[in-house]
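Q: Please take a close look at one pocket in this model. I would like to know what lines it, and then to follow the thread to a few other places.

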Amino acid sequence: MPPYGEFIFGHEYAGEVVAVGSTVDEFRVGDRVVVEAHMGCRRCENCIRGLYTACLNFGNARRGHRANGFTTNGGLAEYALNHVNTLFRIPDAVSYEEAVVVMTAGSPLYGLERAGGYFAGETVAVLGPGPIGLMAVQLVKALGAVRVVLTGTRAGRLQLGGELGADVLVNSREEDPVAAVRAATGGRGADVTIDCAGGDDTFDQAIKMTKPGGRVILVAFYHGPVTADVADAVRRNLTIYTERGEGGTSVGRALALLEAGRIQAKPLVSRVFPLAAVHEGFEVAEKRIGDPIKVIFQP
Ligand SMILES: [Zn+2]
């Protein structure tokens, strides 16, 4: 990330097209668009193979890489320059607020794709009922999972997870989440476990609550090194997937799922502030005042 002051941050944003480049015929002035953060360099071997969120020139603007709002001007700028590759037209029936939240669904959807994208008849455990976890619950249901166990520490978020499709809610402050998932699966463990929490102990929990031969998907960013019983994962032949960002044009596909009514975004929009109240909005988000899921700024 360049030093603060060299760019204006905000990587989850939507807006109106006010000008287009001379070769652009995909979008017109006035189009409503939502942005995905990652713009690969289009010249390294990973980008050529479609793995643009793992671009080998990540952060190298001279070679064409952009991470909108991370290395270049993003959502809090008055105007932001975006490559057409990173834009998705917002359907008429979808609000800016919903579109921004759908951008959040891009990451778990890409993680699900990396893990095979097929969950028919399976039981999935999701750790962490934050915006990513609440989207993961909805996405695995849309992709055929029959049962979702959601674990977390905040009752309000767990309840929302239940309203969005989670079948079993586990408050990990009150009960052992590994034992709860085992109990909910007749002792064998989840077919797939998705860590959207990124806690010090959630990687270890994810391993232990997954059945032998099952899959673990790591979506969260951990704060630092974490301890997990990886030997247990080896002995029981688990497959561990990682994912970086909303690769695979997942934002566009999540937007299509929203438009088709397969996932919801509105319940995740907790507070909307005018840009003039930006400090108040950040305080609400940072101090978790009223436990907001997503805080959104409007011009
Ligand atoms: Zn690249």
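A: Here is a walk from the pocket to a buried asparagine, and on to two helices.

This is a predicted model, in which local features need pLDDT of at least 70 and side-chain atom pairs count only at pLDDT 80 or more, while totals for chains, interfaces and linings use all residues. Residues are numbered from 1 along each chain as its sequence is written, and side-chain values use heavy atoms, with hydrogens and water left out.

Let's start with the second largest pocket, which has a volume of about 150 Å³. (A pocket is found on a 1 Å grid over the protein atoms alone, as an open set of points where a 1.4 Å probe fits, with protein on both sides within 12 Å along at least five of seven lines; its lining residues have an atom within 4 Å of a point. Points are joined across faces, edges and corners, and the volume is the space filled by probe spheres set on them.) Its lining consists of Glu36, His38, Met39, Gly40, Arg42, Cys47, Gly50, Tyr52, Asn85, Thr86 and Thr249. By class, that gives 3 nonpolar, 6 polar and 2 charged residues; here Ala, Val, Leu, Ile, Met, Phe, Trp, Tyr, Cys and Pro count as nonpolar, Asp, Glu, Lys and Arg as charged, and the others, Gly among them, as polar.

Two of these lining residues deserve a pause. Arg42 sits in the loop between β3 (38–39) and α1 (45–48), where helices (H or I, at least four residues) and strands (E, at least two) are DSSP runs numbered from the N terminus. Arg42 has a positive phi of about 65 degrees although it is not a glycine, and its relative accessibility of 52% makes it exposed. (Exposed means over 50% relative accessible area, buried under 20%, and partly exposed in between, with a 1.4 Å probe and protein chains only.) Cys47, by contrast, is buried at 13%. Cys196 is also buried, with a relative accessible area of 13%. The structure holds 0 disulfides, a disulfide being a pair of cysteine sulfur atoms within 2.5 Å.

The lining residues Glu36 and Thr86 lead us to Asn68. This asparagine lies in the loop between β4 (66–67) and β5 (87–89), and it is buried, with a relative accessible area of 0%. Beyond its neighbours within four places in sequence, Asn68 contacts (heavy atoms within 4.5 Å) Gly10, His11, Tyr13, Val35, Glu36, Ala37, Leu81, Asn82 and Thr86.

Now for the helices. In α4 (155–163), Arg157, Leu158, Leu160 and Gly161 are buried. They are on the same side of α4 because they cover an arc of only 160 degrees around the axis, the arc being that of the directions from the helix axis to the C-beta atoms. Ala155 and Glu163 are exposed on the face turned away. Cover for the buried residues of α4 includes α3 (131–142), β7 (147–152) and β8, and after the helix comes Gly165, with a positive phi near 125 degrees.

Helix α9 (278–286) has Val278, Gly281 and Val284 as its buried residues. Their arc is only 125 degrees, so they lie on the same side of α9; His279 and Glu286 are exposed on the other side. The buried residues pack against β12 (269–274) and β13 (294–298). In the loop between α9 and β13 we find Arg288, which, although it is not a glycine, has a positive phi of about 55 degrees.
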